[in-house]
Amino acid sequence: MATAERRRDIAELERPALESALEEHGHARFHARQIFRWIYRRGVTDADAMTDLSRELRAALARDFIVTTPTLAHREISADGTEKFLLRLADGRHIESVFIPDTPAMTFCISTQVGCAMACAFCLTGKMGLVRNLTAAEIVGQVRVLAGAVNLREARFNIVLMGMGEPLHNYDETMKALRILTDEHGFDMSPRRITLSTVGLLPALERLATEAVMPNLAISLHAPTDLQRGELVPINRKYGVGDIIDACRKFPLKNRSRITFEYVLLAGVNDSPQDARRLAKLVAGVKSKVNLIPLNAAAGIPFERPSDEAVNRFAKIVADHGVAVSVRKSRGRDIRAACGQLIVEGAKKSAAQQLAVVM
Ligand code: SAH
């Protein structure tokens, strides 16, 4: 009898790897397609319930394989319909994922790390530091749990890698997760429905430009000069604004797609008319749009959200320079589910206590 430790976790496997694993165990490769359908489209992880497989295969699967899934530890709904999910991982760590309905699309905001190493000055997740990378199974597992919880498994939805963590700092597992999410026998997502948001880790960004599965790209710019950006996004001291814009200019974009530049607006820090003009000129040569994110303020974050007038004035200057610009509507702020508000404490505390920490 195989011990639990020796059983392969199917959630970790891309379909070709599952095909090989099945073959090694003496089964036909094509069963991988059926198994993917059960797990991703129907939400069934128990081999016994995979009724189009033979009884022998089901028994063999139950003996030799497992399918790990994050557990739903807590679920909270905002007045605006946004839902925040606290998920517990196999090692007892927790992560948060968010469901944002009707934007107009249905969107899952997914984490790629427990915590984050980037330490952006205005982000609560950054205060946690990096605890560990998520595995591809844990990244995709969030989608499996959320899609089941809000009954969207068979529907179309979008994914933004804008939860906890810096996706390009966990490159391999993130890319593996994207390949699993886009597998035609699984969720069968179009890469165009997936957006990867990054501070712009340059070598990883250049590598991303060569990938077969290419998500939409969002760059967390937040300031038009190295001097300002270095204060807000510490990694800018290594990979500066000019290099990032260069990489964006070269980034291969499909016909109508554009890079999104995210820009958190902080009162009196990066929201002046001069900042707006500089920003517009900086991104002018890139097929792009600017997404302004008025700060979601929180205790411990030493910045303030600008007034609506300041936000509108900034947006108008950018638009007047011929750059497409939008203002991100804050969603789920009442339950601390908005951008930059995801934070969980160490494994020992209960879910309720953990949420209390950020209230
Ligand atoms: N690590 C990725 C994903 C971060 S979350 C990245 O940096 O792009 C998505 C966006 O929310 C980022 O642009 C991030 O900078 C922004 N953000 C972080 N904290 C915020 C806050 N307190 N208010 C508004 N936006 C915030």
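Here's a quick briefing on the ligand site, one helix pair and two backbone oddities in this structure. Keep in mind that the model is predicted. The ligand has 17 residues around it, and the protein buries 96% of the 540 Å² that the ligand exposes when taken alone. Away from the ligand, helices α10 and α11 cross at roughly 35 degrees, and the backbone has a cis peptide bond between T103 and P104.

**Around the ligand**

- Of the 17 residues that surround the ligand, the closest are F122, S197, S220, H222 and N296.
- If you sort the shell by residue class, you get eight nonpolar, seven polar and two charged residues.
- N296 also turns up in a polar pairing: one of its backbone N or O atoms sits 2.9 Å from a nitrogen atom of the ligand.
- C339 likewise uses a backbone N or O atom, which lies 3.5 Å from a ligand nitrogen atom.
- With E166 it's the side chain that does the job, placing a polar atom 3.2 Å from a nitrogen atom of the ligand.
- As for burial, the ligand would expose 540 Å² on its own, and the protein covers 96% of that.
- Looking for secondary structure in the shell? Strands β10 (194-198) and β12 (259-265) are the elements that give two or more residues to it.

**The α10 and α11 pair**

- Helix α10 covers residues 273-283 and helix α11 covers residues 308-320; their axes come within 8 Å and cross at roughly 35 degrees.
- The crossing of α10 past α11 is right-handed.
- On the α10 side, the contact is made by P273, D275, A276, R277, L279 and A280.
- On the α11 side, the partners are R313, F314, I317 and V318.
- Sorted by class, this contact has seven nonpolar and three charged residues, with no polar ones.

**Backbone spots to check**

- The peptide bond running from T103 to P104 is cis, and its omega is near 10 degrees.
- You'll find P104 in the loop that links β5 (94-100) and β6 (107-109).
- A119 has a phi near 55 degrees, which is a positive value in a residue other than glycine.
- A119 is in a loop as well, between β7 (113-115) and α4 (124-128).

Conventions
Residues numbered from 1 in each chain as written. Predicted model: local features only at pLDDT ≥ 70, side-chain atom pairs only at ≥ 80, totals over all residues. Heavy atoms only, no water. Near = heavy atom within 4 Å. Polar contact = N/O pair within 3.5 Å; in protein donor to acceptor, adjacent residues only side chain to side chain. Areas by Shrake-Rupley, 256 points an atom, 1.4 Å probe, with all protein chains shown as cover. Helix = DSSP H or I, 4+ residues; strand = E, 2+ residues; numbered from the N terminus. Nonpolar A, V, L, I, M, F, W, Y, C, P; charged D, E, K, R; others polar. Axes fitted to C-alpha atoms, helices over the stretch in contact; angles between N-to-C directions. Left-handed = near helix turned anticlockwise from the far one by under 90°. Contact = heavy atoms within 4.5 Å.
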